[in-house]
Structure formats: C-alpha cells, structure tokens
Number of protein chains: 2
Amino acid sequence: MAARDYGQYGGVTRGLELVGERWALLIVRDLLVGPRRYGELAGGLARIPSNILAARLKELQAAGIIRRVPHSRVIVYELTPYGRELEPVVLALGAWGFKSLGDPREEQVITPDAMTMDLRTAFRPQVAEQLPATAYAARFGHAELLIRVDGSTLDVTRGDGPVDLAFAAGPGIRRLISGELGPERAIETGVVEVLRGRRALLGRFASTFHLAA
Amino acid sequence: MAARDYGQYGGVTRGLELVGERWALLIVRDLLVGPRRYGELAGGLARIPSNILAARLKELQAAGIIRRVPHSRVIVYELTPYGRELEPVVLALGAWGFKSLGDPREEQVITPDAMTMDLRTAFRPQVAEQLPATAYAARFGHAELLIRVDGSTLDVTRGDGPVDLAFAAGPGIRRLISGELGPERAIETGVVEVLRGRRALLGRFASTFHLAA
DNA sequence: CTGGATCCTGCCCGATACTG
DNA sequence: CAGTATCGGGCAGGATCCAG
C-alpha cells in the first residue's frame, strides 16, 4: 500500500510519499473546507479521471489521512486529525503559488473550494481584529461565497445570509488582493462590480485579505 | 513550458503545477541547504534517473525557481529568491511527514541534506535561545554533520570543527527527537553512542530539536 | 570526470465506457 | 451516485552513450 517511494529516509520524503502523488493534495485542499461526497470532489476537481479519484481516496485512506464515513444513505469523505494537520502545508503552498499566479485563463475553472482556501491563505487575522465584524457576498466566476469576518476569525461558506457588501469580481481580482490595484481603481476599471452595500467597504475587504506578489 | 496543468485557477493549484512533479520538491529541499552541482544532486537523490534530474532542473529553471550558475569551470544550481521562499512549504511538509516516520528501513538512505532539513524542521529557536551556545558533531548513518546552535540561530554544515558533544546515532534517533525516548534511555539502549563530551549535553540536544509525533 | 543526452521498457495517468 | 473496467499515451525508471 506504500506509495512509490524515494528510497530515502526523512520527513520531506515521507510527506511526499503520502501526499506527493498527482491530485492528492488538491483532494486534501477541498476536504479542508469540509467533508465532501465522491461526486462533490469529482465536481470540484473537474478534470480528474474517476479511476484516479477512486485510487487516491483509497491511498489517502490507507495512509490515515482521510476517512470514509457512511452518513445515512450517502458516503462522505472527511479528513482525520492527521489529515487536518496538512492545513499549514496547503496554506504555505497556496501562498507561494499565489505569488506567481496570473489572471485566469479561459479554460481555467474557479471552484468554490479553491477560492475558499485562497481566501484563508490571504486572510490576515491581526488586521481583521482591528476592524468591525463584516459579512461579504462575493462572486468569483461561478463561485458564490458568503464571507464572514468577525474579530480574528474567518468563516467562508456557500450559504446565503445578510451581508454588508455584495460584489462580483472578474479576472484581475488577484490584483486587488496583491495590492497592485487599489479598491477605488478596481471599481472604476470594472474589475469589481459592487452589487449591494457601500463601496467603501471594498477597501476593508482588501486590507483584510492581502498577499503580496 | 507550463507543466501539465490541472485546469483550475488558484494558489495551491499553481504551486503544484510548479513544484508538484515527482522529485521536484526534493531537489528544492537539497538546494535549500546550499548550491549544489549536478553530480551532488544526483548523489543526494540516489535513485533519481539522470534524465529526470535534467528535466526537472530545466523546468525549475524555466519557472524561475532555480538558477544555473557557471562558477569557474563548474556549474552549480542555486535557488532564486522566489525558490528560497519555498522553505516554509518544505519545512511544513517535513514536519508533517516526520510525524508518521518509522525507523529507517534497510534500503533507505540517510543523506546529509535530508538530515539537515529535518534538523531545521525540528529546531526550536525559542528554546535554544534560553540555552548556552553549543556545537554538536552528529553521525546519522553515513551522514556526518556539524551542528552549531547559538542563541536562536542554527547552522548545520558538513565541515569539521570543535564541538561540545560528539555522538553517533543509530536508527531510532527519531524517537529521541519525538520525545518517545529520553536522552538517558537513548544512551542506555545504544540508540545513541556518545563519542566525546559530557553525555548530559544530549539532553540539551533533545530539547533544542523536538517534534512531537 | 562532470554534466548531461539518448534509447527503451514499464507503469502511472488520462479519457471514456460501463456497472451495482 | 459511487465507483470499476479497459485501453492508449506519456512520464518515470534504468542503462548506456556522448561532449567538454
């Protein structure tokens, strides 16, 4: 059951043997948002072949990273405590990758789970703490998210609820988060369209979620 | 030039497209210790096929992660600033992998670079700060390392020099670092053999380098 | 000798079809 | 809905060969 190994002894090598296979860490990323069904994972990882998804789920399960839980008629996959400890790894990799991210290409999908983890990556708790609690409804491509910031805690869900600011963002939202584009300019240039609420709140959003390029 | 992509837009996805291929992150790990020649990389990554090493070096270079530097007759590879920013990722993955590490198997090699990064992973600066500066010479398998701790800084090299404690560690050293085995017991059971210096210093080593399982 | 390039084999990945 | 079966292509693995 041990994945293809590297013939070396060490922490990094061991880590890669467990989650280094193609698609594995993306499955973990989506499960960090919450338990998911097989079909939900397949939907979020649009281009994963079903046999690969099935194989990865078995491997991750054998490695003690995820658990297969029958949940009244349906089966969901969720992270074990050891699997949840991958969060710092995923966040660090996401932060690093974000820095060289360009604008989304035509064929690239923006999924809610990926966006959620990116928001967690960019979240600055020590900044948020200084600001009043705020709820945002954000649409990125097809992903609609409810983002609630309260003190130093962040909660991103797909549900609906009352918000202080609702906006839709086109490609280029990245530049708002990286600081290349100020909030006012983002609205002027059409990168962000404010749907409801005071547009000044977009500045609060930009300072709460920030990741330099 | 873009590696096989995932068809998704996001930080984690982007990161995996850059360093998610097999062997890539191990090359980065070794280069985090210092610049290396082609042959040194091949030696440290014993089982990497030469064509794969050559291919990865080209890809990492194209991605702006490493640089190929002619250095008076010889060529060395070194990380770019962007590549060096992978250190938190490698350390986080190493810390995570370390937790499920067993004892080294017969066919597993312990390389100096892998060991160096594991020591960096386990290093606790805030503990070291409270202790007097100490130099250790440690032999793990075939890897001989000079470990210097001074205040909150750690320096691991392959050179030689005056040390306060010299020891050789067998398989099972992991249990000393994880705290499963106390320093006294480690010496008693032969897991660690003190070659020079006061054996009490092994306790200092164990509290300086610690990573819970 | 170092730093690769080349060739070939085999296995993993990817795409699609199919089933309980 | 949650996977399994099948098959082709491409990357990985190992050995060998070549250039400076």
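Student: How do the residues of the surface near DNA strand D divide into nonpolar, polar and charged?

Tutor: In this predicted model, the surface near DNA strand D is made up of 7 nonpolar, 5 polar and 8 charged residues.

Student: And which residues come nearest to that strand?

Tutor: There are 20 residues around DNA strand D, and the nearest of them are A:S50, A:R68, A:Y77, B:R22 and B:R56. Of the strand's atoms that come within 4 Å of the protein, 68% belong to sugar and phosphate.

Student: Which elements supply at least two residues each there?

Tutor: From chain A these are α3 (38-44), α4 (50-62) and β3 (74-79), and from chain B it is α4 (50-62).

Student: What about the bases, then: which side chains have an N or O atom by a base oxygen of DNA strand D?

Tutor: Among them is A:S50, with a side-chain N or O atom 2.6 Å from a base oxygen of the strand, and B:N51 also has such an atom, at 3.0 Å from a base oxygen. The side chain of B:W23, by contrast, has an N or O atom 2.8 Å from a phosphate oxygen of DNA strand D.

Student: Now DNA strand C: how many residues surround it, and which are closest?

Tutor: DNA strand C is surrounded by 21 residues, and A:R22, A:R56, B:S50, B:R68 and B:Y77 are the closest. Sugar and phosphate make up 66% of the atoms of this strand that lie within 4 Å of the protein. The residues of the surface near DNA strand C comprise 7 nonpolar, 5 polar and 9 charged ones.

Student: Where on DNA strand C do the polar side-chain atoms of B:R68, B:K58 and B:R4 sit?

Tutor: B:R68 has a side-chain N or O atom 2.8 Å from a phosphate oxygen of DNA strand C, and a polar side-chain atom of B:K58 is 3.2 Å from a phosphate oxygen of that strand. For B:R4, the partner is a sugar or linking oxygen of DNA strand C, with a polar side-chain atom 3.4 Å away. Two or more residues of the surface near this strand come from each of α4 of chain A and α3 (38-44), α4 and β3 (74-79) of chain B.

Student: Changing topic, how many helices and strands does chain A have?

Tutor: Chain A has 11 helices and 8 strands, and its C-alpha atoms fill a box of roughly 55 × 40 × 35 Å along the principal axes. Its radius of gyration is 19 Å, which agrees with the value near 17 Å that a compact globule of 213 residues would have. Buried residues account for 50% of the chain.

Student: Is helix α2 of chain A mostly buried or exposed?

Tutor: Helix α2 (residues 24-33) has 9 of its 10 residues buried, so it is largely enclosed by the rest of the structure. The buried residues include A:L25, A:I27, A:R29 and A:D30.

Student: One last residue: where is B:Q8, and what does it touch?

Tutor: B:Q8 lies in the segment before α1 (11-19) of chain B. With a relative accessible area of 3%, B:Q8 falls under the 20% cut-off, so it counts as buried. Leaving out residues up to four places away in sequence, B:Q8 touches, among others, A:R29, A:G44, A:L45 and B:T13. A polar atom of the B:Q8 side chain is 2.9 Å from the backbone oxygen of A:G44.

Notes. Residues numbered from 1 in each chain as written. Chains lettered and ligands numbered in written order. Predicted model: local features only at pLDDT ≥ 70, side-chain atom pairs only at ≥ 80, totals over all residues. Heavy atoms only, no water. Buried < 20%, exposed > 50% of the residue type's maximum accessible area, 1.4 Å probe, protein only. Helix = DSSP H or I, 4+ residues; strand = E, 2+ residues; numbered from the N terminus. Near = heavy atom within 4 Å. Polar contact = N/O pair within 3.5 Å; in protein donor to acceptor, adjacent residues only side chain to side chain. Nonpolar A, V, L, I, M, F, W, Y, C, P; charged D, E, K, R; others polar. Rg over C-alpha atoms; globule rule 2.2 N^0.38 Å. Contact = heavy atoms within 4.5 Å.
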